[in-house]
Amino acid sequence: MIDYKAWEERIWQYFDGHLAESEKEALLRSLEKNDELLAIFESCQSLHSMLQQDKPDQPSPSFVSGVMAKINSTSLGTSGRSDWKKAGWVFLAAASVILLISIYLVVKDPESGTSQYPVLTDFVYNLTEYSFFRNLAWLSSGLFLLMMIDQVIIGTRKRQRSIKPV
Amino acid sequence: MVYSLCFRIIKSAHLAEEAAQDTFVKAYKKLSTFEERSSLKTWLYRIAYRTALDYARKKRKEIHLDDGMSVQSNAQSALSIIEEKELTQMVNKSVARLGVDECTVVTLYYLQEMSIKEIAEITNWTQSNIKIKLFRARNNLRSMLEGNRKKLQKS
């Protein structure tokens, strides 16, 4: 009994060009002897040539303009968002730096309890009496540090991964 | 070509166009993350394949193929007058009736003329798995076409 599945597999290998010369000859000899195998071969051949002649489907004429419109809208949206993000970071960084300096100046001379900048000291004392502002100062400082990490470490990685010509 | 892959997976012209457009937008956005581990073509097709799969999953109810259009309409014409163009249409319809995996493999192998290795890079399947899918797909196509021919001969 002939194992047609195995033969089919071999026939497809023949069309894919995966058979050695000796295997090809053996296959063709078998086809001459067996009409059923020949019918399978012809059927595979017909399908193979039809699939090879298959042509790509075409999108509508507005396809390219659609892609460009999407890219443009995405770019605009992204740049707008990144501008806001940048401004936010700058504001946060500036606020945290001022607060950090202020706190430093206040606690600069803990023994005497005096400061070179009494006006600023008073201002910060008043400000930090409220826990909300103290927490805000710590939060800003933390975010500032995160921003620095983002810029230094992740930014460097991104630059390293930038595209090279193919 | 990207559109063709999307169309064959999603089986809807309108959604395929959206998916193909999304593919290019994603590629544009992620261009900076492209590494030279594969070719740009393979990378682009990987994005297209995943995007098309996402669309196909989301719109499964809308995209299921209308069986009525595939065989019945063709059965009305006799085999003797079927020309090459009609045969090609028949093949296209048969390819569309394949499952997503088999359809993807056939499209990438024949239409995009990609090697098994390239298809493996796009789909993340093993090469032996792709060979099995290709074998099954072609056998299914062959039996579909044979079935069509017999119906036409009877009519």
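Helices H1(A) and H3(A) pack at an angle of about 40°, with their axes 10 Å apart, in what is a predicted model. Two packed helices are described by the angle between their axes and the distance between the axes. Because angles under 35 degrees count as roughly parallel, and the angle here is about 40°, H1(A) and H3(A) are described as oblique to each other. Their crossing is right-handed. On the side of H1(A), the contact is made by A:Tyr4, A:Trp7, A:Glu8, A:Ile11, A:Trp12 and A:Phe15, and these meet A:Leu37, A:Ile40, A:Phe41, A:Cys44 and A:His48 of H3(A). Sorted by class, this contact has nine nonpolar residues, one polar residue and one charged residue.

These two helices belong to a chain that has six helices and zero strands, so that, by the way elements are assigned, the order of elements in chain A from the N terminus on reads α-α-α-α-α-α. Of the 166 residues in chain A, buried residues make up 8%. When contacts in chain A between residues at least 6 apart in sequence are considered, 50% of them join residues at least 24 apart.

A residue further along the chain gives a local view of such contacts. A:Ser141 lies in helix H6 of chain A, which covers residues 131-160. Leaving aside residues up to four places away in sequence, A:Ser141 touches A:Ser96 and A:Leu100. A:Ser141 and A:Leu99 are 42 residues apart in sequence, while their C-alpha atoms are 8.4 Å apart in space. A:Ser141 counts as partly exposed because it has 17 C-beta neighbours inside 10 Å, and a residue needs 20 or more to be buried, or 12 or fewer to be exposed.

The helices of chain A also take part in the contact between the two chains. This contact takes 27 residues from chain A and 33 residues from chain B. On the side of chain A that touches chain B, helix H1 (4-16), helix H3 (35-53) and helix H4 (63-106) of chain A each supply at least two residues. The largest share of that side, seven residues, comes from H3(A), a helix that also packs against H1(A). The residues of the side of chain A that touches chain B divide into 12 nonpolar, seven polar and eight charged. For the model, the scores are ipTM 0.70 and pTM 0.59.

Chain B offers a second helix pair, formed by helix H1 (residues 2-10) and helix H3 (residues 40-58) of chain B, whose axes come within 9 Å and cross at roughly 30°. Since angles under 35 degrees count as roughly parallel, H1(B) and H3(B) are therefore roughly parallel to each other. H1(B) passes H3(B) in a right-handed crossing. From H1(B), the contact draws on B:Val2, B:Leu5, B:Cys6, B:Ile9 and B:Ile10, and from H3(B) it draws on B:Leu44, B:Tyr45, B:Ala48, B:Tyr49, B:Ala52, B:Leu53, B:Tyr55 and B:Ala56. By class, the contact of H1(B) with H3(B) has 13 nonpolar residues, no polar residues and no charged residues.

Two loops of chain B deserve attention for their backbone angles. Most residues other than glycine have a negative phi. B:Lys11, however, has a phi near 65°, a positive value in a residue other than glycine, and its place is in the loop between H1 and helix H2 (13-29) of chain B. B:Lys11 counts as buried because it has 20 C-beta neighbours inside 10 Å. A positive phi, near 70°, is also found at B:Asn124, again a residue other than glycine, which sits in the loop between H9 and helix H10 (127-154) of chain B. B:Asn124 counts as exposed because it has 10 C-beta neighbours inside 10 Å.

Confidence in chain B should be read element by element. The mean pLDDT of chain B is 78, and 81% of its residues reach 70 or more. Among the elements of chain B, helix H9 (residues 116-123) has the highest mean pLDDT, 89, and helix H5 (residues 67-70) has the lowest, 38. Over residues 63-81 of chain B the pLDDT is below 50, and this stretch has 22 contacts in the model beyond near neighbours in sequence.

How values were computed
Residues numbered from 1 in each chain as written. Chains lettered and ligands numbered in written order. Predicted model: local features only at pLDDT ≥ 70, side-chain atom pairs only at ≥ 80, totals over all residues. Contact = placed C-beta atoms within 7 Å. Helix = DSSP H or I, 4+ residues; strand = E, 2+ residues; numbered from the N terminus. Nonpolar A, V, L, I, M, F, W, Y, C, P; charged D, E, K, R; others polar. pLDDT = per-residue confidence, 0-100. Axes fitted to C-alpha atoms, helices over the stretch in contact; angles between N-to-C directions. Parallel < 35°, antiparallel > 145°, perpendicular 65-115°, else oblique. Left-handed = near helix turned anticlockwise from the far one by under 90°.
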